[in-house]
Amino acid sequence: MVPSRRTWNLGATPSLRGLWRVGRAGEPELRMARPAPAGPAARPFPHTGPGRLRTGRGKDTPAGGDEDSGTRSAARPALAQCRALSVDWAGPGSPHKLYLTVQALQDKGCKSKSQGTKEEKSPKRQAPAPRRDGEAQEAGGAMNVEKTGGRLFGSGRRSSLSGPPGAAPVVHRMVEAMSQLQEEKAQLQEELVALRERLAVRDSDRQATSTQLQHQVENLKEKLISQAQEVSRLRSELGGTDLEKHRDLLMVENERLRQEMRRCEAELQELRAKPAAPCTGCEHSQESAQLRDKLSQLQLEVAENKGMLSELNLEVQQKTDRLAEVELRLKDCLAEKAQEEERLSRRLRDSHETIASLRAQSPPVKYVIKTVEVESSKTKQALSESQARNQHLQEQVAMQRQVLKEMEQQLQSSHQLTVQLRAQIAMYESELERAHGQMLEEMQSLEEDKNRAIEEAFARAQVEMKAVHENLAGVRTNLLTLQPALRTLTNDYNGLKRQVRGFPLLLQEALRSVKAEIGQAIEEVNSNNQELLRKYRRELQLRKKCHNELVRLKGNIRVIARVRPVTKEDGEGPESTSAVTFDPDDDSIIHLLHKGKPVSFELDKVFSPRASQQDVFQEVQALITSCIDGFNVCIFAYGQTGAGKTYTMEGTTENPGINQRALQLLFSEVQEKASDWEYTITVSAAEIYNEVLRDLLGQEPQEKLEIRLCPDGSGQLYVPGLTEFQVQSVEDINKVFEFGHTNRTTEFTNLNEHSSRSHALLIVTVRGVDCSTGLRTTGKLNLVDLAGSERVGKSGAEGSRLREAQHINKSLSALGDVIAALRSRQGHVPFRNSKLTYLLQDSLSGDSKTLMVVQVSPVEKNTSETLYSLKFAERVRSVELGPGSRRAELGSWSSQEHLEWEPACQTPQPSARAHSAPGSGTTSRPGSIRRKLQPSGKTRPLPV
Ligand SMILES: Nc1ncnc2c1ncn2[C@@H]1O[C@H](COP(=O)(O)OP(=O)(O)OP(=O)(O)O)[C@@H](O)[C@H]1O
């Protein structure tokens, strides 16, 4: 049965729609907007359209992390994904709704958000407003999900969630994380500030130390300047000669202090520049350089960290700003929530009241409901729709919960990121701390070095200063003690000055008297000298006279014998034994054992084989000295080949003979007389070989020379073309001998391997002039090494050698003849029979002194020759030449005059020969430049 249709007046009974609305109004709606989901998994609303969430741009935005990853560094990937969440409660027009906004931290993200917000606002405003009564308009232009006429509308980047209870803890955690980050940032900033302050303090300390050092140097400078002033003051006070030493000392000290100060300044500069320029030579320099490198690296890292920190600061700042914004929104939302709660509670109360009133009207209502159930299919349909809608809303709520879960996951990742960032910050902090510690250590070590150096420099400066002060005190003391002396000296000086003014007059007077005295003394000395000179000359004449008398007494021809030692050339056997003996009591006797019979000879002197060269020379040196006095002297060595003639005359290099010793003696004698006499010594050397006279010192030794008689009639002989060398030293003589020796002819014979086959003559001419009187003298010394006197048969000579021997014997025979003629006082002495006697005519004439050295071979086999030689020597010894006369003249003479003829000044006297009239004596021809002593011609008979 179908019940009849009945109508009840419901009065204030709300409609079903109103009831539904009342039921829905008790549930707050959560609206959520997110700018860009991180990925498909995190994308909460992949769908769009009614009932879906859409982005403000009308489509799904790419993951914000993708955009961020391009600009963020790989080291901080989590940072790029960092999001700030802001929870907004809807405005007063929509008290049931909670808006949750997830924003990207990036600026770009913010921008897109704001753009998206604008975009979201406009469709919301333009869209038709299918709202029912009591529904409030959404504020803020966020993405909206609205229930309008059973449909759900979503727009923009916000989506509604089913209520704040799920979102509030997330927001709180985020807020807490942000606040922690903020605190950490603040702590870091504080630490940075503290660090900067500490650095500033250290810099200021260092600056202060540097300033202090500067002050010390300035003080030192001032002290030095004051000392310099003190020194200059003292110097000006001192002034005196004795005090100049102190002044110099102070100057030196001052200079040293200046140098020390300069050194201190340099050290200071070095200390200042030490961080920039590492010290060289320091033992810690390498370590310091390493530390410095490390410090610079750390500084770089610190700078980098600072940069990162500033970036973090910036990010934190941005986050803080956003957090503040979220907080503001959260507060607004909380306020709205409180209002909404209040409103809801009020409405709940109203509803409760309504329900209570309805319950009070229970039967009619049940009836009405029953009626509605039975009668109103429409209402049923509406109910089912409402249930469907309710189902849909529940789905939405589940979805929103899912979104919330994702958000929580994001928040967790943000937490992780925060942890990572904290760890990174901690690491940076530790690095910073370590770098800071190292920097502090290095700065401390540098500070210590600097302080040490400063202390050392200061100590040194103090020691120097102390020394300077002590010196200064000493100088002051000296000054105090010296000042009275200075005063006395000044007084003395003034007195002396006055005396000095009068000194020239005194000096002139004294000079005058001294000059007179000196003149007188000089005159006395001169007269004494003249007297002494006169006496000296007289004594000299006396000595010469005595000497000549001695020579005369000894005989003008003296003969000495020298027996050579037995040599290995003599061979061995009985023939080589010595046949010569000597008288131990009389050195003038020689005994020869000839054919078993002893034969004795008496000569002037006999030298045994033991006699040295010097012994022999001592015997002849008186003759050489007389040559200086102007006498002609002839010394010749006679004897058989190999008897030692050359040894006696020339000798060896180590043990020179008569020739070299004679010239040395002449040099020394001439040097002794050099104060009164000027002497010139010239040397000629000639050789007579096969009766040919040759010049041994000439350029062409083979050229034959002739002996000429001076056409002046003086009877003097000369050899035109004979070379004459002036010698001044022993070296000159040696050169002459060497030169002459090479030109001398020597050949091999049976008797002497190097037997001299010629007569060698060394002619030494000594010319002297008395400086005071002008007296001139010329003496000639003939030193003759005769050729060997062996007999032809014994020598075994043939051919040219035989001819040589014949010439030698002929000349020696001529020498014997001359001596015999002189002995027998014949009117004619055959000087011209040989070149030898002719050349020696001057020296064999009556005014000359002749010494013959007979060389004797001691061996048995040579006894015949020895006998012959000794007999010849005895004969010569018996000849007495005229008394020796001196060749002296007054006036000047030329260098060649002893042999040269001077026709202009002489009258030729052909008769004037060696045998000229006895007693003719010394003549002085008028016009002649020299006064030559002519041979006396008087020969005494030789004792046979
Ligand atoms: N007094 C002496 N002491 C040592 N050795 C001597 C002495 N006299 C000569 N002799 C030596 O005897 C040798 C011959 O001497 P020397 O040549 O002087 O003889 P000589 O008479 O000049 O011969 P000649 O006529 O052939 O030139 C040389 O070896 C020389 O050294």
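Reader: Let me start with a pair of residues: which residue in β9 stands opposite F582?

Author: That is I590. Please keep in mind that we are looking at a predicted model.

Reader: How do you know that β8 and β9 are paired, and in which sense do they run?

Author: Pairing needs at least two bridges between two strands. β8 and β9, the latter covering residues 589-594, are joined by three bridges. Three meets that cut-off, so the two strands count as paired, and their directions are antiparallel.

Reader: And what joins β9 to β10?

Author: Six bridges, again with the strands running antiparallel. One pairing to look for is I589 with E602 of β10 opposite. In general, such strands pair through backbone hydrogen bonds, in a parallel or an antiparallel way.

Reader: What is the order of the three strands in this open sheet?

Author: The order is β8-β9-β10, with antiparallel pairing.

Reader: Why do β8 and β10 stand at the edges?

Author: Each of them, β8 at 580-582 and β10 at 597-602, has a single partner strand, so one side of each is left without a neighbour in the sheet. From one strand to the next, the twist averages 25°.

Reader: Which helix lies across β9 and β10?

Author: Helix α18, residues 863-877, at about 145° to β9. With 15 residues, α18 reaches 21 Å from its first C-alpha to its last, close to the 21 Å expected at 1.5 Å a residue. Its buried residues include L867, L870, F872, A873 and V876.

Reader: Now the turn: what makes K595 stand out in its phi?

Author: K595 has a positive phi of about 50° although it is not a glycine. Most residues other than glycine have a negative phi. K595 sits in the loop between β9 and β10, two strands that form a hairpin with two residues between them.

Reader: Why is K595 called exposed?

Author: The label asks for over 50% relative accessible area. K595 is at 70% relative accessibility, so it counts as exposed.

Reader: Which other residue, not a glycine, has a positive phi near 60°?

Author: E691 does. Its place is the loop between β13 (677-689) and β14 (692-695).

Reader: Is E691 buried or exposed, and what makes it so?

Author: Buried means under 20% relative accessible area. E691 has 14%, so it falls under that cut-off and is buried.

Reader: What do we know about the hairpin of β13 and β14?

Author: Two residues lie between its strands, and N690 takes a positive phi near 50°. β13 and β14 pair in the antiparallel sense over four bridges, with A686 opposite D695 of β14.

Reader: How do you know that β14 also pairs with β15?

Author: Two bridges join β14 to β15, residues 704-705, and the strands run antiparallel. The requirement is at least two, so this pair qualifies. R694 stands opposite K704 in β15.

Reader: Why is L533 called partly exposed?

Author: Partly exposed covers the range between under 20% and over 50%. L533 has a relative accessible area of 22%, so it belongs in that range. L533 is found in helix α9, residues 377-554.

Reader: Which residues does L533 touch, not counting those up to four places away in sequence?

Author: D676 and S772. D676 is 143 residues from L533 along the chain, and their C-alpha atoms are separated by 9.8 Å. A contact is judged on heavy atoms within 4.5 Å, so the C-alpha separation of 9.8 Å does not rule it out.

Reader: Where does α10 bend?

Author: At V620, by about 45°. Even so, α10 (residues 613-628) reaches 22 Å over its 16 residues, close to the 22 Å expected at 1.5 Å a residue. V620 is one of the buried residues of α10, as are V616, F617 and L623. Just after the helix, G630 takes a positive phi of about 105°.

Reader: To finish, how many helices and strands does the chain have?

Author: There are 18 helices and 22 strands. Buried residues make up 45% of the 944 residues. The chain exposes about 49800 Å², with carbon and sulfur atoms supplying 54% of it.

How values were computed. Residues numbered from 1 in each chain as written. Predicted model: local features only at pLDDT ≥ 70, side-chain atom pairs only at ≥ 80, totals over all residues. Heavy atoms only, no water. Axes fitted to C-alpha atoms, helices over the stretch in contact; angles between N-to-C directions. Expected span 1.5 Å × (residues − 1). Bend = angle between axes of the 7 residues up to and from the residue. Buried < 20%, exposed > 50% of the residue type's maximum accessible area, 1.4 Å probe, protein only. Areas by Shrake-Rupley, 256 points an atom, 1.4 Å probe, with all protein chains shown as cover.
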